[in-house]
Amino acid sequence: MSGQHTLPGATPGSLMLSLLDAVELPADAVEVGRIADAWGIKGWFKVWSYSASPEALFSSRQWFLLPAEKGAKTFTGTRKLRVKEAKDHSGAVVARAHAVDDRSTAEALRGARVFVARSSFPSTGIDEYYWVDLIGLEV
């Protein structure tokens, strides 16, 4: 298993996460949320979105994960998560992804920071902007 690192105390779920593609974080990556916890028993997970309108999470099929800043680390480096589906459920975002097929794997995602490439955000309307596009502009 060259190129894979197992963390001390690894669980079956965290071992599955080591199978996610290790990648570089895209230059235009924007942090859009964190994975809160597993949701159900079939690999779904709940996401805390940093936006009241999480269209970036719904539109992108590739999320980039970085380990939690605090607490247990179940993977290292940047991992690409191929999203099968993301949807609104009672005001929260729930999602499922390839290689996350059970509750223990979804639990291993807990706390992971979620990034989406800015280039995959939905288009804005006339005179509409994303906050990230306004950072650094002169007023």
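**Exercise 1. Find what share of the protein's 139 residues is buried, and describe the overall fold.**

Step 1. Of the 139 residues in the protein, 36% are buried, where buried means under 20% relative accessible area, exposed over 50%, and partly exposed in between (1.4 Å probe, protein chains only).

Step 2. Note the basis of these values. This is a predicted model, in which local features need pLDDT of at least 70 and side-chain atom pairs count only at pLDDT 80 or more, while totals for chains, interfaces and linings use all residues. Residues are numbered from 1 along each chain as its sequence is written, and side-chain values use heavy atoms, with hydrogens and water left out.

Step 3. List the elements. The protein has four helices and seven strands; helices (H or I, at least four residues) and strands (E, at least two) are DSSP runs, numbered from the N terminus. Their order from the N terminus is α-β-β-β-α-β-β-β-α-β-α.

Step 4. Look at the contacts, meaning heavy atoms within 4.5 Å. Among contacts in the protein with a separation of 6 or more, 65% are between residues 24 or more positions apart.

Step 5. Take the surface. About 8300 Å² of the protein is accessible, and carbon and sulfur atoms hold 54% of that area; the areas come from the Shrake-Rupley method with a 1.4 Å probe, and for residues only the protein chains shown count as cover.

**Exercise 2. Determine how strand 7 is covered and which strands it pairs with.**

Step 1. Strand 7 spans residues 113-117, and five of its five residues are buried.

Step 2. Sort the residues by face. In a regular strand the side chains alternate between the two faces of the sheet. Arg113, Phe115 and Ala117 lie on one side of strand 7, Val114 and Val116 on the other, and all are buried.

Step 3. Find the partners; two strands pair if DSSP finds at least two bridges between them. Strand 2 runs antiparallel to strand 7 and is joined to it by five bridges, with Arg34 and Arg113 as bridge partners. Strand 4 is also antiparallel to strand 7, with three bridges; here Leu65 stands opposite Val114.

**Exercise 3. Work out the pairing of strand 6 and the backbone of Ser90 in its hairpin with strand 5.**

Step 1. Strand 6 covers residues 92-97, and five of its six residues are buried.

Step 2. Three bridges link strand 6 to strand 3 (residues 45-49) in the antiparallel sense, and Phe45 stands opposite Ala95. Strand 5 and strand 6 are joined by six bridges and run antiparallel; His89 has Ala92 as its bridge partner.

Step 3. The hairpin of strand 5 and strand 6 has two residues between the strands, and Ser90 there takes a positive phi near 55°. Ser90 is not a glycine. Its relative accessible area is 70%, so Ser90 is exposed.

Step 4. Compare Ala99, in the loop between strand 6 and helix 3 (103-108). Ala99 has a positive phi of about 75° although it is not a glycine. With a relative accessible area of 29%, Ala99 is partly exposed.

**Exercise 4. Decide whether Thr78 is buried or exposed, and name its contacts.**

Step 1. Thr78 sits in the loop between strand 4 (62-66) and strand 5 (79-89).

Step 2. The relative accessible area of Thr78 is 13%, so Thr78 is buried.

Step 3. Not counting residues up to four places away in sequence, Thr78 touches Asp21, Ala22, Val23, Glu24, Leu25, Phe64, Leu65 and Leu66.

**Exercise 5. Describe the largest pocket and the surroundings of Tyr130.**

Step 1. The largest pocket holds about 350 Å³ of space. A pocket is an open set of points on a 1 Å grid over the protein atoms alone, with protein on both sides within 12 Å along at least five of seven lines, and lining residues have an atom within 4 Å of a point. Grid points are joined across faces, edges and corners, and a volume is the space filled by probe spheres set on the points.

Step 2. The lining of the largest pocket has 17 residues, of which Ser51, Ser53, Phe121, Tyr130 and Trp131 are the closest to its centre. Strand 2 (29-38), helix 2 (55-59) and helix 4 (131-134) each give two or more residues to this lining.

Step 3. Tyr130 lies in the loop between strand 7 and helix 4. Apart from its neighbours within four places in sequence, Tyr130 is in contact with Arg118, Phe121, Pro122 and Thr124. The C-alpha atoms of Tyr130 and Arg118 are separated by 9.6 Å.

Definitions and conventions
1 Å grid on protein atoms, 1.4 Å probe; cavity = no way out; pocket = protein on both sides within 12 Å on 5 of 7 lines; lining within 4 Å.
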